[in-house]
Amino acid sequence: MTDTVTAAELTQFIERAEQLASEKRDIAEQEKELFAEAKSRGYDTKVMRKIIRDRKIARDALAEFEAVEDLYRSAIGMA
């Protein structure tokens with residue numbers, strides 16, 4: 001870390017961080033409203049969230065994960 005700290009630059013970083021935090025809160029509220037609407041229309045939001053998580057995972061990795069999950073479920077009699 002350098003010994004020089006400029007007030008203007010530090011203020012800019014802090015203000016940017018505050019702005020991003022505010023935007024995150026706004027987006028979280030919008031997401032909450034979206035899932036509340038989906039739930040009110042009869043959709044299972046837990047399943048929706050799982051699908052969203054799964055869509056982020058690469059197809060090959062997801063297939064491998066699901067194969068292991070199926071194996072484990074079968075081993076404990078949940079298949």
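Which side chains meet in a salt bridge at 3.2 Å, N to O? They are the side chains of R73 and E69. The model described here is predicted. This salt bridge belongs to a total of three. The points below cover the helices, the salt bridges and the surface patches.

**Helices**

- Helix α1 comprises residues 7–40. For its 34 residues, a rise of 1.5 Å a residue gives an expected span of 50 Å, and the end C-alpha atoms of α1 are 49 Å apart, so the two values agree.
- Just after α1, G42 adopts a positive phi of about 100 degrees.
- Helix α2 covers residues 45–56 and contains both K50 and D54.
- Helix α3 runs over residues 59–75, and its 17 residues should span 24 Å at 1.5 Å a residue; the distance between its end C-alpha atoms is 24 Å, in agreement with that expectation.
- After α3 comes G77, and the phi of G77 is likewise positive, near 80 degrees.

**Salt bridge in helix α3**

- R73 and E69 are four residues apart in helix α3, which means that about one helical turn separates them.
- R73 has a relative accessibility of 34% and therefore counts as partly exposed.
- E69, at 22% relative accessibility, also counts as partly exposed, because the buried class requires a value under 20%.

**Salt bridge in helix α2**

- The side chains of K50 and D54 form a salt bridge with an N to O distance of 2.9 Å.
- K50 and D54 are separated by about one helical turn, because they lie four residues apart in helix α2.
- The partners fall into separate classes of accessibility: K50 is partly exposed at 33%, whereas D54 is buried at 16%.
- The value for D54 is 16%, and the limit for a buried residue is under 20%.

**Salt bridge between R41 and E37**

- R41 and E37 are joined through their side chains in a salt bridge of 3.5 Å, N to O.
- R41 has a relative accessible area of 62% and is therefore exposed, since the exposed class begins over 50%.
- E37 is partly exposed, with a relative accessible area of 43%.

**Negative surface patch**

- E23, D26, E29 and E33 form a negative patch on the surface.
- One of its members, D26, is located in helix α1. D26 has a relative accessible area of 43%, so it is partly exposed.
- Another member, E33, is also found in helix α1. E33 counts as partly exposed at 48% relative accessibility, because only values over 50% count as exposed.
- D26 and T4 are separated by 22 residues in sequence, and their C-alpha atoms are 35 Å apart in space.

**Nonpolar surface patch**

- V5, L10 and I14 make up a nonpolar patch on the surface, and together they have about 270 Å² of accessible area.
- L10, one of the three, has its place in helix α1. Its relative accessibility is 42%, so L10 counts as partly exposed.

**Points to locate in the structure**

- Helix α1 holds residues from both patches, including L10 and E33.
- Two of the salt bridges can be found within named helices: K50 with D54 in α2, and R73 with E69 in α3.
- Positive phi values can be inspected at G42, just after α1, and at G77, which follows α3.

Terms used. Residues are numbered from 1 along each chain as its sequence is written. This is a predicted model: local features need pLDDT of at least 70, side-chain atom pairs count only at pLDDT 80 or more; totals for chains, interfaces and linings use all residues. Side-chain values use heavy atoms; hydrogens and water are left out. Buried means under 20% relative accessible area, exposed over 50%, partly exposed in between (1.4 Å probe, protein chains only). Patches are made of residues with over 30% relative accessible area and no salt bridge: like charges are joined within 9 Å, nonpolar side chains (Val, Leu, Ile, Met, Phe, Trp, Tyr) within 5 Å. Accessible areas come from the Shrake-Rupley method with a 1.4 Å probe; for residues, only the protein chains shown count as cover. A salt bridge is a side-chain nitrogen of Lys or Arg within 4 Å of a carboxyl oxygen of Asp or Glu. The expected span of a helix is 1.5 Å times one less than its number of residues. Lys and Arg count as positive and Asp and Glu as negative; His and the chain ends are not counted. The place of a charge is taken as NZ of Lys, CZ of Arg, CG of Asp or CD of Glu.
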